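Visitor: Please pick a single part of this model and take a close look at it with me. I am new to this, so go step by step.

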Amino acid sequence: MPLKAYGVLITRAVDTRREGAVDTPHYQIHLTDDQGVHYRAAVNVLSQERPSELLYLVDEDFRHPVTARLAGLASGWNTLPSGPGGPNLDFVRGNLFDPATMRTLPPDLPGDGNDLADILDHYVRRAVADPDARVYLFGERFGPEPGVKDKVFGFLPGNGIHDIHMNQGNSRRFRGDDGVWQDGGVLIHFPGLDRWVGIFLAFQSQSWHTDDVTGHALDDVDGNRPEPGTLPVRIVAALVNPPGPSPEAETVTLLNASPDPVDLTGWRLGDRLGQKSPVPAGTLAAGACLLVPLAEGGAQLGNHGGEITLFDAKGLKVHGVSYTKDQATREGWSVVF
């Protein structure tokens with residue numbers, strides 16, 4: 001079953017601690033909200049399954065429509081209802097980043113800047129030093145625990161958030177935590193710089209093709225799990241805000257980046273809410289582009305930001321992109337990805 005209490009914690013970072021345990025080490029963050037409530041964020045830096053090193057990605061200039069969806073949420077804990085309508089994170093469906101760009105790092109090594117705890121510490125310490133910075137942590141809440149002091153920072157009552165990583169496509173051992181639109185992550189907003197930093201973590205044992213209802217791993221017909229970045233067709237542009245009155249003639253441009261033709265019969269384009277439009281059947285030649293019109297009643301490209309996902313004939317995600325409200329403001333201009 002999915003996580004029991006998924007949401008986003010909006011706070012200030014006040015302290016950090018590197019946990020030295022060798023079984024399930026975490027990078028610990030001490031946080032407070034605007035009401036003075038204390039929390040602890042336990043961020044995994046090592047997997048219990050082999051390969052044990054985590055996948056990570058840091059985007060120092062994170063631009064995605066999810067940041068606009070966070071506007072108006074109160075400081076402290078915010079429970080997020082399941083589904084694609086709100087600011088929930090989903091590494092597969094939300095097109096937050098390209099999973100092929102994730103890298104691995106060991107949890108803790110001597111020296112500076114050479115392990116995952118160092119990476120986390122670099123950005124969280126910047127947030128600690130900036131009184132205006134706010135940390136948005138996505139995951140599952142634990143506590144409050146009346147009468148029980150926090151085991152790391154000692155505040156009372158114990159209270160916090162964990163599972164700050166991908167929470168779908170798990171191996172059989174952790175399959176019970178699978179769900180959609182419930183992935184963890186860290187977003188840090190620096191208002192003085194007008195900048196967001198995004199930090200995303202996943203386990204190497206997790207699959208990047210998951211069921212849209214359960215979040216369980218999907219295998220292809222040969223029992224394999226194709227990884228993102230291995231398929232040749234990409235979304236390279238979209239006309240999100242065409243000139244003229246509604247309904248507008250929105251289009252998406254696909255590119256076959258491979259040296260071989262690709263049969264697009266049965267392929268579809270989808271939006272964040274799961275609405276889909278067919279891709280014209282036929283073969284896309286090597287190096288060729290295809291302009292795909294989005295018919296009314298299918299996928300919709302809103303002018304306030306959105307996500308576009310390409311699916312093959314088996315329903316597996318091939319590629320995905322996102323765009324912000326700012327990118328969609330210029331009428332008649334295509335957004336280039």
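Guide: Start with a sorting rule. Ala, Val, Leu, Ile, Met, Phe, Trp, Tyr, Cys and Pro count as nonpolar. Asp, Glu, Lys and Arg count as charged, and the others, Gly among them, as polar. Keep in mind that this is a predicted model.

Our part is the largest pocket, together with the rings that lead on from it. The volume of the largest pocket is about 920 Å³. Its lining is made up of 36 residues. Sort them by class and you get 15 nonpolar, 11 polar and 10 charged residues. Nearest the centre of the pocket lie Phe-62, Arg-63, His-64, Ser-322 and Thr-324.

Which elements build the lining? Helix 1 (66–69), strand 10 (195–202) and strand 19 (317–324) each give at least two residues. Strand 19 gives the most, with seven residues.

Now follow Phe-62. Phe-62 is among the residues nearest the pocket centre. Phe-62 also belongs to a cluster of rings. Ring pairs link it with Phe-91, Phe-97, Phe-200 and Trp-208. How is such a pair described? Two values are used: the distance of the centres and the angle of the planes.

The whole structure holds seven aromatic pairs. One of them joins Phe-91 and Phe-200, with centres 5.8 Å apart and 90° between the planes, an edge-to-face pair. This pair ties together distant parts of the chain. Phe-91 sits in the loop between strand 5 (76–79) and strand 6 (103–105), while Phe-200 is in strand 10, 109 residues apart. Both Phe-91 and Phe-200 are buried.

Next come Phe-97 and Trp-208. Their ring centres are 6.3 Å apart and their planes meet at 85°. Planes over 60 degrees apart count as edge-to-face, so this pair is edge-to-face. It, too, links distant parts of the chain. Phe-97 is in the loop between strand 5 and strand 6, and Trp-208 is in the loop between strand 10 and strand 11 (233–239), 111 residues apart.

Are these two rings buried or exposed? Buried means under 20% relative accessible area. Phe-97 has 11% relative accessibility, so Phe-97 counts as buried. Trp-208 has 7%, so Trp-208 counts as buried as well.

Put the picture together. Phe-62 is in the pocket lining, and ring pairs link Phe-62 into the cluster. Strand 10 supplies lining residues, and strand 10 also holds Phe-200.

Key. Residues are numbered from 1 along each chain as its sequence is written. This is a predicted model: local features need pLDDT of at least 70, side-chain atom pairs count only at pLDDT 80 or more; totals for chains, interfaces and linings use all residues. Side-chain values use heavy atoms; hydrogens and water are left out. On a 1 Å grid over the protein atoms alone, a cavity is a set of points where a 1.4 Å probe fits but cannot get out, and a pocket is an open set with protein on both sides within 12 Å along at least five of seven lines; lining residues have an atom within 4 Å of a point. Grid points are joined across faces, edges and corners, and a volume is the space filled by probe spheres set on the points. Helices (H or I, at least four residues) and strands (E, at least two) are DSSP runs, numbered from the N terminus. Rings of Phe, Tyr and Trp (its six-membered ring) pair if their centres lie within 6.5 Å; planes under 30 degrees apart count as stacked, over 60 as edge-to-face and the rest as tilted. Buried means under 20% relative accessible area, exposed over 50%, partly exposed in between (1.4 Å probe, protein chains only).
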